[in-house]
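Here are a few notes to go with your first look at this model. Keep the structure open while you read, and pick out each residue as it comes up.

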Amino acid sequence: MNNKVIVYNFTNVYNEEKFIERNKFIDLSSLYGTECILANKEMSKIIKKEDLNAIHFIDSGDYHYLTKLFCDLISFPFILIVMDHHTDMQNDGFNALTCGNWINYVKENKNLKKIIIIGPDSSYQDDKIIICKKIDLTKFELPIYISIDKDIMAKSVINTNWDQGEYQEIDILNDLKEMLINNKVIGMDICGECEDNIFKFNDIIEDEKINNDFIKLIEEYNK
């Protein structure tokens with residue numbers, strides 16, 4: 001993975017974060033049919049294969065389904081590592097890709113050999129999916145794609161627009177460092193921005209701080 005940063009702006013929350021000024025910025029705020037559920041066919045044209053090998057900031061958890069679109073571009077065997085307070089495996093009744101059910105869709109990818117979801121309160125394992133609180137991240141047998149939802153972290157650390165876990169930022173950074181040092185990382189995405197609201201200014205400042213912490217760590221250890 002290279003250290004290129006691409007910011008996908010849906011809610012305009014990133015407009016208040018200065019880190020966008022030095023990175024590629026894709027404004028999707030006028031695109032309809034994207035919040036929580038993918039009902040816009042244009043999105044498949046926006047997610048480009050040449051941009052896969054990068055760090056993608058994809059706005060709030062409402063857009064976590066974009067991970068499935070990134071994974072669709074991977075043409076060789078790989079493992080998906082998801083750090084999230086939720087499993088995103090809901091049977092939500094929608095016959096469409098949503099932020100709550102995208103794992104159900106991505107698991108059908110023939111190149112995707114294993115999905116490891118770190119963070120939910122529940123635990124589960126079958127031949128393709130592992131759900132757990134902690135796992136050895138030192139070495140996987142295949143390249144990995146990493147997806148992080150900041151709602152895995154406690155509200156004392158950051159506020160997202162979903163219910164949250166209890167992890168500290170240092171826990172996530174240490175796990176990310178472990179993965180970068182010991183594995184071939186194809187690409188990664190980060191979601192979990194707070195709501196774009198004038199009363200959320202302090203939350204936006206904290207969002208940007210954590211985003212910069214992620215970028216700094218990746219630049220240091222992704223050699």
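The points below start with one strand and its partners, then turn to three loop residues.

1. First, a reminder: what you have on screen is a predicted model. Everything below is read from that prediction.

2. Start with strand S1, residues 5-9. Is S1 mostly enclosed or mostly open? 5 of its 5 residues are buried, so the rest of the structure largely encloses this strand. Buried here means a relative accessible area under 20%.

3. It's worth turning S1 around to look at its two faces, since both are covered. Val-5, Val-7 and Asn-9 sit on one side, with Ile-6 and Tyr-8 on the other, and all of them are buried.

4. Which strands pair with S1? One is S2 (residues 24-27), joined to S1 in the parallel sense over 4 bridges. To find this pairing on screen, look for Ile-6, which stands opposite Lys-24 in S2.

5. Another partner is S3 (residues 55-57), and here too the pairing with S1 runs in the parallel sense, over 3 bridges. Val-7 is a handy marker for this one: its bridge partner in S3 is Phe-57.

6. Now follow the chain into the loop between S1 and S2, where you'll come across Asn-12. Its phi is near 75 degrees, a positive value in a residue other than glycine. Asn-12 has a relative accessibility of 26%, so it counts as partly exposed. The partly exposed class covers what lies between under 20% and over 50%.

7. Cys-36 is another one to check for its backbone angle. Phi is near 70 degrees for Cys-36, again a positive value in a residue that isn't glycine. You'll find Cys-36 in the loop between S2 and helix H1 (43-46). Is it buried, exposed or something in between? With a relative accessible area of 26%, Cys-36 is partly exposed.

8. Last, have a look at Leu-142, in the loop between strand S7 (129-132) and strand S8 (144-149). Its relative accessibility is 22%, so Leu-142 counts as partly exposed. What does Leu-142 touch, leaving aside residues up to four places away in sequence? Its contacts are Pro-77, Phe-78, Ile-79 and Lys-113.

9. If you'd like a distance to check around Leu-142, try Lys-177, which is 35 residues apart from it along the chain. The C-alpha atoms of these two residues are separated by 17 Å.

How values were computed:
Residues are numbered from 1 along each chain as its sequence is written. This is a predicted model: local features need pLDDT of at least 70, side-chain atom pairs count only at pLDDT 80 or more; totals for chains, interfaces and linings use all residues. Side-chain values use heavy atoms; hydrogens and water are left out. Buried means under 20% relative accessible area, exposed over 50%, partly exposed in between (1.4 Å probe, protein chains only). Two strands pair if DSSP finds at least two bridges between them. Contact means heavy atoms within 4.5 Å.
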